[in-house]
Structure formats: structure tokens, C-alpha cells
Amino acid sequence: MDRVGKNSIEVIDPATEQVITRLPSAGPEDADRAVARAKAAFATWQNVAAGDRATILRRVGAAVEEQAVSLAQLESRNVGKPINDALGEVGMVAATFAYYAGSPERLTGKTIPVPGGVNMTFKEPMGVVGLITPWNFPLAIASWGVAPALAAGNTVVLKPAQLTPLTAIELERIALEAGLPEGVFQVLAGPGSLVGERLVEHPDVAKIGFTGSTEVGKRISIRASETIKRVTLELGGKSANIVFADADLERAAAAAPGAVFGNAGQDCCARSRILVERSTMDVFLDLLSANVAAMRVGDPMDEATEMGPLITAEHRSKVASFLDEDTTVVARGNAPDGPGFWFAPTVVTPNSPGARAATEEIFGPIACVMPFDDEEEAVSIANDTIYGLSGSVWTENGARALRVARALDAGTLSVNSNWSVRIATPYGGFKQSGIGRALGPDALDYYTELKNLYIAT
Ligand code: TAP
């Protein structure tokens, strides 16, 4: 089914396959108009006193918190994610605005000793920022760009994914009601091939913050180079969850399903490769299989649900294609029958080193479990990928935990935990998982230009 007509977007509930709403679809001319408005708004927004920018951002965060339940219900319905997950994500959105509300007054430069004068640096806003976001964590990922970009004094045009534009549109309304001036933050729902491309090539857009697939990220990188546009890319992953025999196996096996089946596996930092020390493989697989069988898959609005459906029928077919002759299914959970793009959580082992499930991003609820013999082999398998986003190391040996974590080519790692994303710490990837960092204090560097000023005295 072609959901996207020439001038409209049909938004579907993936748990029921019912149409939620139809929206007008923006085109390149709308992008041009939005950029012109954002450019005009930048002239004033960049000069709003830092304390006043902070107050407005705090109000946006508070308004998101007040409307958390309705936003979470909308997100849950549009993405098919469990309501409790959606509530957690909306809480994170409110907290992200609160966190970056603390930064306008702390965007300080340096004074550097030089001969014959005084030297100082400034972190200047860039201008109009174009944000292009994916469908898996629509509101959360939007806030990771919107909040630091606005805090630094930029204006923003956000293009959400056509599959899940609803909460971003709500965020625009909330921000206006909270006192953000007109034109400072605009949302344009429309195709990436038209609206996204136009933002990327537009000479008045200073920076693109893109989150999505590595394939589209490469294209954006090339197109953005024509205007030497600044680009942040948060792309795909094939993260490894490394379990040593000396780990607390029960804890590791209890945490593993959430790390790969959370958001139905549609998570850039999904640990879809579980590397297990060979001597403990059988024990670990037994524990993991029991936990997968117990997972509650079903109605996203049910508070007991742990996993919902996939985003579309097309995506479900793509995920299913990973269960090929190169893999053996060793455990399978349940999934509802009937309407909805359901896919049961599945654990496989590869039959060959080149099995697609072991090498490619699946973006669905399939975990590929592989054995290793020693530390060196674990690191070598984990690093044998074009990606480098996230990963975990499970061991009770502290020195080994540090050694392995330092040897992994990935940007966001955890020891004895699978937690990747915190508002206060940097998040992003090595290699083809991206360029730049979201969140934490470092994100502001990607929404500002460093200016140096020398004054002869
Ligand atoms: P994509 O297909 O890359 O789409 C992401 C966004 O880019 C959408 O808004 C899409 O618009 C737009 N787009 C598509 N083609 C474009 C073009 N030529 N120019 C400009 N924009 C264009 O990714 P997805 O399927 O939504 O998300 C899944 C991927 O995102 C996975 O690989 C996942 O790992 C990655 N991801 C990474 C992260 C981080 S933080 N690293 C987080 C979430 C997801 P449409 O509305 O037309 O699709």
C-alpha cells in the first residue's frame, strides 16, 4: 500500500492497521518558506537574553510534562510502542528541555594568554538548523536536536518521519503556547526525498542534524558538502553484548531481551549480537530462552505489554528475511494473530560467519547469539562491523571490563548494564554509525560555531 499520496500523508496504527489520521504533505516550496521564516526569526532569537531563552525552554519542558499522558498515548498509537515505554520517552523529552534550559547562560568561551593583547572565544549560534528524524523514537530524538539547537540561539525546521509525524507536530504547538516566538521552531511533515533533500541543499540552512539509516546519512553527507554545511549524523548500529563466563549470568540473561527486543528491536543501539564465552553458552541460552518465552507481546496500550508490533508490513517482511538458511532458531516468544504488524521475539545462532543476522542491522526483534573463546576473539568479533554505535560488556573482572571497553570501536558503552542513552552524557557512534554526538554537554558544540577574537591592547 502506498501510504503517501502526492499531497497527503496517511498515518497508520501499526497494532491495528487502522488509519489514525490524514495530514497534508509538505513539499520543497513549503521547506523554502519555512527556512525563510526561520532565517527571519533567527535575527531576533539569537539576541534574546540567555536567561530569557532559558526560561522559555524550561516552560516548554514543563508543558511537555503536563501533557505527558496524551503525548505518550499518541506516540504509542503511532509507533506501536508499549505505553510505559512511551511515557518514559516523553518524560525524557521534558527532562531534555529542562537540561538544555541550563545551557544558554553557561555557553561560555575561553580567554587565552597571547602576546600584545587579549584573546577570547565565543560559541556563536549557527543560524537555521534543519533536523531530520526517524520513526522509531520520534519525539525523543526530535528533542535531542531541538533543545540544544534552540538553547544555543539557533532556529529550527524539523522534518519528522512521514510514518510517525504526530508528536512532533504536537511539540510545535506546545512550544508556541509556552512562549517560543513564531518561526523559531517549525515542523514540516513531508517526504525525505523532497522536504529533507531541500533542507539539506538549502543555502540558508547552516546545519543538518540527521538521525536515520546509514544509507540516507551517506547521501546527506554528500549533498551537504555542496554548501559545506555542518552535519551531525546519528546512524545505524550492530551493537555487541559481550557476556564473559565470570559475569552474573542471571542478570545478563535477564537484561539481554530488553536490549534487543525493546521497541520491537527498532532501536539503533539494539544489542542484536550477543557474544557469549563458549564455556557458558548452554547455560546462558537456557536462561535467555526462558526470558524470551515469558515476554509479553501485544496491545501497546496495555500497561503489562513489553513489546508491540513492527512499524509496517514492509518492514516486517524485511525483518523476516533474516531468518534464512544461514541461521538456526533456538528460541521464539509469542505474538498476537490478526491485524497488526506482529513478529515474535526470536533468538538465532548463525550457521556461517557471514550470516546476515550476524553482520547486518536487523532493526527488528531478532537476537543473534555467537560463541567466543577468549577476550581477544570477543573484541575482534565485536569490532568486525562497519558500525560502532553502542555495546555492553558483562564480567565481574573490573580490569577486563575496562580493557575490553577501551578496545571496542564504539561510541557508547556500558559495563554490567545495557543502558546507552542518558540526557547528561554524550551519545553517538564511531565508524559508519555517525558523526558528532547528541545529548550531554558536548551536543552544544555541534550547534555552535567557535569564534576567536583578538584585541590588541
Ligand atoms: P531513514 O529511512 O534513513 O529515514 C530517516 C529520516 O530521513 C526520515 O525522516 C526520512 O523521511 C528522511 N529521509 C529519507 N530520505 C531522505 C533524503 N534523501 N534526504 C533527506 N532526508 C531523507 O531511517 P528510518 O528508517 O526512519 O530509521 C531507521 C534507521 O535509523 C536505522 O538504521 C537506525 O539504526 C537509525 N537510527 C539511528 C539512531 C541513532 S541516534 N544513531 C536513532 C534512531 C534510528 P521519510 O519520512 O520520507 O522516511
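**Stop 1: H9 and H10**

Select helix H9, residues 249–261, together with helix H10, residues 281–293: their axes lie 9 Å apart and the two pack at an angle of about 50 degrees. That angle makes H9 oblique to H10. Keep in mind as you look around that this is a predicted model.

Now show the side chains where these two helices meet. On the H9 side, pick Leu249, Glu250, Ala252, Ala253, Ala254, Ala256, Pro257 and Phe261; on the H10 side, pick Val283, Phe284, Leu287, Leu288, Asn291 and Val292. What classes of residue make up the contact of H9 with H10? Colour them by class and you'll get twelve nonpolar, one polar and one charged. Before you move on, turn the view to look at the crossing itself: H9 passes H10 in a right-handed one.

**Stop 2: just past H9**

Follow the chain out of H9 and click on Asn263, which sits in the loop between H9 and strand E11 (273–277). Check its backbone angles if your viewer shows them. Phi of Asn263 is near 55 degrees, which is a positive value in a residue other than glycine. Why stop for that? Most residues other than glycine have a negative phi. Is Asn263 buried or exposed? With a relative accessible area of 7%, Asn263 is buried.

**Stop 3: two cysteines**

Still in that part of the sequence, select Cys268 and Cys269 and show their sulfur atoms. Why is there no bond from the sulfur of Cys269 to the closest cysteine sulfur? That closest sulfur belongs to Cys268 and is 4.7 Å away, too far for a bond; a disulfide would need the two sulfurs within 2.5 Å. How many disulfides turn up in a search of the whole structure? Zero.

Switch on a surface and look for the pair again. Cys268 counts as buried because its relative accessibility is 13%, and Cys269 counts as buried too, at 8%. The cut-off for that label is under 20%.

**Stop 4: H2 and H4**

Jump back along the chain and select helix H2 (residues 50–66) and helix H4 (residues 83–101). Their axes come within 8 Å and cross at roughly 170 degrees. So how do they run relative to each other? H2 and H4 are roughly antiparallel, since angles over 145 degrees get that name. As for handedness, H2 passes H4 in a left-handed crossing.

Show the side chains here as well. H2 brings Ala54, Leu57, Arg58, Val60, Gly61, Val64 and Glu65 to the contact, and H4 brings Val90, Val93, Ala94, Phe97, Tyr100 and Ala101. Sorted by class, the contact of H2 with H4 has ten nonpolar, one polar and two charged residues.

While H4 is on screen, click on Gly88, which is part of this helix. Is Gly88 buried, exposed or partly exposed? Its relative accessible area is 45%, so Gly88 is partly exposed. Try the distance tool too: from the C-alpha of Gly88 to the C-alpha of Asp52 you should get 28 Å, for two residues 36 apart along the chain.

**Stop 5: Ala147**

Leave H2 and H4 visible and add Ala147, which has its place in helix H5 (residues 138–151). Which residues does Ala147 touch, leaving out those up to four places away in sequence? Light up Leu57, Thr96, Phe97 and Tyr100. You've already met some of these names: Leu57 of H2, and Phe97 and Tyr100 of H4, are in the H2–H4 contact.

Next, draw a line between the C-alpha atoms of Ala147 and Val60. The pair is 87 residues apart along the chain, and the C-alpha atoms are separated by 9.5 Å. Put the surface back on and Ala147 counts as buried, because its relative accessibility is 0%.

**Stop 6: H1 and H7**

One more helix pair: select helix H1 (residues 28–45) and helix H7 (residues 192–201), whose axes come within 8 Å and cross at roughly 40 degrees. H1 and H7 are therefore oblique to each other. H1 passes H7 in a right-handed crossing. Pick out Pro28, Ala31, Asp32 and Val35 on H1, then Leu194, Val195, Arg198 and Leu199 on H7, to see the contact. By class, it has six nonpolar, no polar and two charged residues.

**Last stop: Leu439**

Finish at Leu439, in the loop between strand E17 (434–435) and strand E18 (448–456). Here is another residue other than glycine with a positive phi, near 65 degrees. With a relative accessible area of 0%, Leu439 is buried.

Notes
Residues numbered from 1 in each chain as written. Predicted model: local features only at pLDDT ≥ 70, side-chain atom pairs only at ≥ 80, totals over all residues. Heavy atoms only, no water. Axes fitted to C-alpha atoms, helices over the stretch in contact; angles between N-to-C directions. Helix = DSSP H or I, 4+ residues; strand = E, 2+ residues; numbered from the N terminus. Parallel < 35°, antiparallel > 145°, perpendicular 65-115°, else oblique. Left-handed = near helix turned anticlockwise from the far one by under 90°. Contact = heavy atoms within 4.5 Å. Nonpolar A, V, L, I, M, F, W, Y, C, P; charged D, E, K, R; others polar. Buried < 20%, exposed > 50% of the residue type's maximum accessible area, 1.4 Å probe, protein only.
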